[in-house]
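Q: I am new to this structure. Please take one part and look at it closely.

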Amino acid sequence: MAQGSKKTAKAAVNLSRKAAAATVNAVKSLIGALSALVGGATLAAALCVIFLIAAVIASPFGLLFSNEPSPGAVPLNAAVTQINVELTDKLSLLQAGDYDGIDIQGTGPDWREVAAVFAVKTSLGADGLDVAALTPDRVDRLKAVFWDMCEIAASVETIDHPASGSTEAWTEKILHITITARTADEMRTVCLFTPEQNRALTELLAELNGIGTLLGDLGISQEDAAELLRRLPADLSPERRAVVETACKLVGKVNYFWGGKSLVLGWDSRWGTIQKVWAAGSPSTGTYRPYGMDCSGFVDWVFYNMSGGSYVIGHGGGARMQHSYCTPISWSQAQPGDLVFYPEDTHVGIVGGWDESGNIQIIHCASGQNNVVITGKAGFTSIGRPDYYG
């Protein structure tokens, strides 16, 4: 495939995404079925398609299938969010201390280029692993490429201010953080790519828009989210089902950011970009970290998107305001789409349904996990029915 053309790879991708994600056994079954139904020439043509798709999967272009549901794997944007958790931790460690100001220069590498370098390095490397399913070991390899392409340095500037009038002399401490990003073209030399790898990278870099689509994909491919949706009651109202389905679209894909809001239909391009926490009241206030949403911001986004942009519960006023737009109910009355709250409205989540043991499941953007997650009801003490449902 590395010797083939970009057009051939794209054509194969368009032929059948489902076939490309099939297992070897499924392919064998398909061959058997075709043998019984069609002649040898038709079977040969079908086999060519199957083998071509298999070749695409084994090539760097297998990355284009990485958002297809696969056991134990995550979509590309969820893998990026996992890596951004580590980026957040690193930035937080650098910013820990008593500084009068923090200055940050530069930004991280283009995630589309990071993904392209990862795909070439992994699939055409010595061990030749496919990149069609981002299992934990592949995510670790993606993480390694990211850190090869992202260097973070910090220094402290001390400025002595002399006394002036009634103001005593004082010392100002400013933390300077510099982020230096490598490009995909620079990584050709860093990784010592072979001519074959360089040709493949050039072809894949021509598909940056397609990789960008993967990064903004809102398909529900996370296993826990898909399982939650399968367990929804058959008679659940369309409005409630839409709320839960919309909430599940972000499971594992968006980092926590104190004060983070988003009234954007679909994927918000700001998510994952390094920004300053401007909202007061958090230990992270004044620091820089990958942008995302806080708990009430997540609920805002869900209701805004499920309503096509016509409704925001509590008018974006935070968890306390969202609670005021709910009618108190008992836990026994809970239905998917209801809201749940921590004491004093310090956190809010959405009832997603129940697990196989009948335990209630909550979808929320949790600061402790720095992500949109599905958990039990631990910590949530009250429940309310949004007035939106009438």
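Q: Which residue stands opposite glycine 353, and what surrounds that pair in the six-strand sheet?

A: Glycine 353 stands opposite glutamine 361 in β9. A strand here is a DSSP run of E, at least two residues, and a helix is a run of H or I, at least four residues; both are numbered from the N terminus. The model is predicted: local features need pLDDT of at least 70, side-chain atom pairs count only at pLDDT 80 or more, and totals for chains, interfaces and linings use all residues. Residues are numbered from 1 along each chain as its sequence is written, and side-chain values use heavy atoms, with hydrogens and water left out.

Now the strands. β8 covers residues 348-354 and β9 covers residues 360-366. They pair in the antiparallel sense over four bridges. Two strands count as paired if DSSP finds at least two bridges between them.

Next, the whole sheet. Six strands form it, in the order β6-β11-β7-β8-β9-β10. The sheet is open, and its pairing is antiparallel. At the edges stand β6 (326-329) and β10 (371-375), each pairing on one side only. From one strand to the next, the twist averages 35°.

A helix joins the picture. Helix α13 (residues 295-306) packs on the sheet. It touches β7 (339-341), β8, β9, β10 and β11 (382-386). Contact means heavy atoms within 4.5 Å. The direction of α13 makes about 60° with that of β8. Axes are lines fitted to C-alpha atoms, for helices over the stretch in contact, and angles run from 0 to 180 degrees between N-to-C directions.
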